[in-house]
Amino acid sequence: MEILIEWGYIGVFIASFLAATVLPFSSEVVLTGVLLAGAGYWPCIIAASIGNFLGGMSCYYLGYLGKVEWLQRYLKMDINKIHRVQNWLEGKGAWMAFFVFLPGIGDFIAVAMGYLRANIVIVSISMFIGKFLRYIVWMEFVYKVQSLF
């Protein structure tokens, strides 16, 4: 992760993209490292939000392909969890993509949204808003903790 921190905003973008896919990765560590190295608040939020959004949309498109068995075989996603999330999302609407930022279940929500062919415009807007707010909350937390020391 040190190399991503050294890459600054590009590192934040890459880390955020990877964290939003089914790969286990923490963008917060890289984001915090870049912030503590003196990077700007808004460029970090923009890089993290766009990277995380694009990673989430890649999960949406994996679900849109409709090959759930690929998700299980190649990405090691639990097929039962995918079906449970799909059943839970059924009828709730594309605005539920706002919650894609949630750890542990967010990837499954994005995949299920794609599989259910949820409205791409609403999914995109709500997913971006959720991810954007997530990084604002995280950065405010980092600044508050940093000011204590």
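Eleven aromatic pairs are present in the structure, which is a predicted model. One of them joins Phe98 and Phe101, whose ring centres lie 5.6 Å apart. The planes of these two rings meet at 85°, and the pair is therefore classed as edge-to-face, the cut-off for that class being over 60 degrees. Both partners are partly exposed: Phe98 has a relative accessible area of 25%, and Phe101 has a relative accessibility of 23%. Each value falls in the range between buried, under 20%, and exposed, over 50%.

The rings of Trp138 and Phe141 have centres 5.4 Å apart, with an angle of 40° between their planes, so this pair is tilted. An angle under 30 degrees would have counted as stacked. Trp138 and Phe141 both belong to helix 8 and are three residues apart, about one turn of the helix. Trp138 is partly exposed at 27% relative accessible area, and Phe141 is likewise partly exposed, at 48%. A further group of aromatic residues, made up of Tyr41, Trp42, Phe53, Phe128, Phe132 and Tyr143, forms one cluster.

An aromatic ring also takes part in a contact with a charged side chain. The charged end of Arg117 sits over the ring of Tyr64, at 4.2 Å from the ring centre. Arg117 is located in the loop between helix 7 (106–115) and helix 8 (120–148). With a relative accessible area of 44%, Arg117 is partly exposed. The backbone of Arg117 has a positive phi of about 60°, although the residue is not a glycine. Most residues other than glycine have a negative phi.

The largest pocket encloses about 230 Å³ of space. Its lining consists of 20 residues, of which Ala19, Phe101, Leu102, Pro103 and Gly104 are the closest to the pocket centre. Phe101 thus appears both in this group and in the edge-to-face pair with Phe98. Helix 2 (9–20), helix 3 (27–36), helix 7 and helix 8 each contribute at least two residues to the lining of the largest pocket. By class, the lining comprises ten nonpolar, six polar and four charged residues. Among the residues closest to the centre, Ala19, Phe101, Leu102 and Pro103 are of nonpolar types, whereas Gly104 counts as polar.

Key: Residues are numbered from 1 along each chain as its sequence is written. This is a predicted model: local features need pLDDT of at least 70, side-chain atom pairs count only at pLDDT 80 or more; totals for chains, interfaces and linings use all residues. Side-chain values use heavy atoms; hydrogens and water are left out. Helices (H or I, at least four residues) and strands (E, at least two) are DSSP runs, numbered from the N terminus. Buried means under 20% relative accessible area, exposed over 50%, partly exposed in between (1.4 Å probe, protein chains only). Rings of Phe, Tyr and Trp (its six-membered ring) pair if their centres lie within 6.5 Å; planes under 30 degrees apart count as stacked, over 60 as edge-to-face and the rest as tilted. A charge sits over a ring if NZ of Lys or CZ of Arg is within 6 Å of the ring centre and within 35 degrees of the ring normal. On a 1 Å grid over the protein atoms alone, a cavity is a set of points where a 1.4 Å probe fits but cannot get out, and a pocket is an open set with protein on both sides within 12 Å along at least five of seven lines; lining residues have an atom within 4 Å of a point. Grid points are joined across faces, edges and corners, and a volume is the space filled by probe spheres set on the points.
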